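Here are a few exercises to work through with the model open beside you. Have a go at each task before you read the solution.

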Amino acid sequence: MDVTIRRARDEELDDIGELTARVYLGDGLLDFGDDDPYLATLRDAQRRAAEAEVLVAADAASDAVLGALAFAVHGGTYAELARPGEGEFRMLAVRPEARRRGAAEALVRACMDRTRELGLRRIVISSHRKMTAAHRLYGRLGFVRAPERDWEPVPGVALWAFTVEI
């Protein structure tokens, strides 16, 4: 694999925030488009890194950031669904030109490894119904739908829940 996983560096956080916002907008994942209030949260990778672990998939040769996500545990600011004994990741984004290189899978596997390292038993995630490529990836990695944990962060924006036992 030509991708490595590492913690985000401070000097990369603003670009990671912009990358995340651009990917969500470009892929049509924000129900309110350019006016979506979630854009500010997506752009704020500085805050994410202060309150969660921001991991990046980097090109093994150039070290350029290909994608990123935030990993959190129950009780953390960025853990919206995680219960005791669970980890959670959010805001998975991969540059369109870097897709199909294994970056997203490597990031998710890193979260699974981190969950094991912390002695947690499960990962839970939220996903927009339009994230079909992500859903296929999650299925390949053993995640299953958990409809009893589906939720709406704002009225009318339904997010699907998935879990995987570690």
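**Exercise 1. Find the aromatic pairs, then look closely at Tyr138 and Phe143.**

Solution. Bear in mind that this is a predicted model. Start with a search of the whole structure, which turns up five aromatic pairs. Now zoom in on tyrosine 138 and phenylalanine 143: their ring centres sit 5.4 Å apart and the planes make an angle of 45 degrees, so the pair is tilted, given that stacked needs under 30 degrees and edge-to-face over 60. Next, check burial, where the cut-off is under 20% relative accessible area. Tyrosine 138 comes out at 3%, so it's buried. Phenylalanine 143 has 5%, so that one is buried too. Finally, step back: ring pairs tie Phe89, Tyr138, Phe143 and Phe162 together as a cluster.

**Exercise 2. Work out which residue lies over the face of phenylalanine 162.**

Solution. Go to the ring of phenylalanine 162 and look over its face: you'll meet arginine 145, 5.6 Å from the ring centre. Phenylalanine 162 is also one of the members of the ring cluster from the previous exercise.

**Exercise 3. Describe the surroundings of threonine 163.**

Solution. First, place the residue: threonine 163 belongs to strand 7, residues 159-165. Its relative accessibility is 11%, so it counts as buried. Then list its contacts, skipping residues up to four places away in sequence: among them are Arg122, Ile123, Val124 and Phe143. As a last step, compare sequence with space for aspartate 150: it is 13 residues away from threonine 163 along the chain, and the C-alpha atoms are 11 Å apart.

**Exercise 4. Decide whether arginine 6 is buried or exposed, and find its polar partner.**

Solution. Arginine 6 is part of strand 1, residues 3-7. With 15% relative accessible area, under the 20% cut-off, it is buried. Its side chain makes a polar contact of 2.6 Å with the side chain of glutamate 12. Beyond four places in sequence, arginine 6 also touches residues including Val54, Leu55, Asp63 and Val65.

**Exercise 5. Explain why strand 4 is largely enclosed, and trace its partners.**

Solution. Count the buried residues in strand 4 (residues 86-94): nine of the nine, so the rest of the structure largely encloses it. On to its partners. Strand 3 (residues 65-73) runs antiparallel to strand 4, with six bridges between them; for instance, alanine 68 is bridged to alanine 93 in strand 4. Strand 5 (residues 122-128) pairs with strand 4 in the parallel sense over three bridges, and glycine 87 has isoleucine 123 of strand 5 as a bridge partner. To finish, follow the chain from strand 4 via helix 4 (residues 103-117) into strand 5: this β-α-β crossover is right-handed.

How values were computed
Residues are numbered from 1 along each chain as its sequence is written. This is a predicted model: local features need pLDDT of at least 70, side-chain atom pairs count only at pLDDT 80 or more; totals for chains, interfaces and linings use all residues. Side-chain values use heavy atoms; hydrogens and water are left out. Rings of Phe, Tyr and Trp (its six-membered ring) pair if their centres lie within 6.5 Å; planes under 30 degrees apart count as stacked, over 60 as edge-to-face and the rest as tilted. Buried means under 20% relative accessible area, exposed over 50%, partly exposed in between (1.4 Å probe, protein chains only). A charge sits over a ring if NZ of Lys or CZ of Arg is within 6 Å of the ring centre and within 35 degrees of the ring normal. Helices (H or I, at least four residues) and strands (E, at least two) are DSSP runs, numbered from the N terminus. Contact means heavy atoms within 4.5 Å. A polar contact is a pair of N or O atoms within 3.5 Å; within protein, one must be able to donate a hydrogen and the other to accept it, and residues adjacent in sequence count only if both atoms are side-chain atoms. Two strands pair if DSSP finds at least two bridges between them. A crossover is right-handed if, with the strands pointing away from the viewer, the path from the first strand over the helix to the second runs clockwise.
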